[in-house]
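Q: Please take a close look at a single part of this model and describe how it is built into its surroundings. A connected account would be most useful.

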Amino acid sequence: MKKWNLIVDVARCHNSNNCFLSVADEYQGNEHPGYSAAMPPHGHRWIDVKKKERGQAPIVDVAYLPTMCMHCDDAPCIAAAENNAIRKRQDGIVIIDPEKAVGQKHLIDACPYGAIWWNDEKQLPQHWIFDAHLLDAGWKEPRCVQSCPTGALRSVLIEDSEMELLKSDEGLAELHPEHGTRPRVHYKNLYLYQKCFIGGTVVVTNNGVEDCLEGAMAVLHQGGEKLGEAPSDEFGEFKFDALEPSSGAYRVEILHPEYESLSIDVELEDSIYTGVHTLTSKK
Ligand code: SF4
């Protein structure tokens, strides 16, 4: 049985918010009987793009994370719903019944992803339904996928066994696996949002002028173990990424055959720019 999955590539999301707008256009003021009541004009973000800034100048980046109902296979919202108000379709899509769910405000707290929104006027919990009404009418993908200009969103209708292979081939990860809900939304390059980096700049002084040094080798150690190497680029910058926040003490050694080596000690809390490091000549 083929089922729907959504793949979100954090590295490709540039915060255009076209996904959010496509949802607003599809659902605001539009009733889809049996699937979804109309979304209110204000306050709901059924697809919500979150933002995370990392680092300090000059090594700074920003990651954008589209979030939505994860269409979990072990969905706590389904367990919490009274009167079978939430159901799992055979194709994996979770639907909050727009009639049976009336008055069930407790469902908002049942979703660990915060993906259920309360419609005050209709007294109704609501979420993004994967555009199930369009897929049932023959669409090949939901509107958020169709409208993303950078290809950050991809929907796939495949067997679960094929999805497992795709997850391992592409290094896909769950958002908050600790919730244990087996989501059908999978993330690529999630480290850009959840992990942190150590960066720095390597320079040398020539006749009193500071020059960026390309090709120095930065080597990262923790607890006496070598974790990796990163050459400095044309701006003299090195970066070790995908490190766990608040993961303790690290040492960065900077090596170059023509210069004395140098060590930097870092107590890592969050992404950090360690500054400008000047190497001195061995001559
Ligand atoms: S993300 Fe929340 S609303 Fe969606 S299926 Fe999972 S528990 Fe239910």
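**A helix and the neighbouring sheet**

A: In this predicted model, helix H1 is followed by Gly29, a residue whose phi is positive, near 75°. The helix that precedes this glycine, H1 (residues 18–27), has seven of its ten residues buried, and it is therefore largely enclosed by the rest of the structure. The buried residues of H1 are Cys19, Phe20, Ser22, Val23, Ala24, Glu26 and Tyr27, where buried means under 20% relative accessible area. Their cover includes two helices, H4 (132–136) and H5 (143–147), together with strand S2 (48–56) and strand S8.

Strand S8 leads from the helix to a sheet, since what covers the buried residues of H1 includes S8, and S8 also belongs to an open sheet of three strands with the order S8-S1-S9 and mixed pairing. In that sheet, S8 (153–158) and S9 (185–188) stand at the edges, and because each has a single partner strand, one side of each is left without a neighbour in the sheet. Neighbouring strands here are turned against each other by 25° on average, direction ignored.

Strand S1 (residues 3–9) pairs with S9 in the parallel sense over four bridges, and Ile7 has His186 in S9 as its bridge partner. Helix H6 (residues 160–170) lies across S1, S8 and S9, and runs at about 145° to S8. Strand S8 is thus a shared element of this picture, being included in the cover of the buried residues of H1 and being one of the strands that H6 lies across.

Methods:
Residues are numbered from 1 along each chain as its sequence is written. This is a predicted model: local features need pLDDT of at least 70, side-chain atom pairs count only at pLDDT 80 or more; totals for chains, interfaces and linings use all residues. Side-chain values use heavy atoms; hydrogens and water are left out. Two strands pair if DSSP finds at least two bridges between them. Axes are lines fitted to C-alpha atoms, for helices over the stretch in contact, and angles run from 0 to 180 degrees between N-to-C directions. Contact means heavy atoms within 4.5 Å. Buried means under 20% relative accessible area, exposed over 50%, partly exposed in between (1.4 Å probe, protein chains only).
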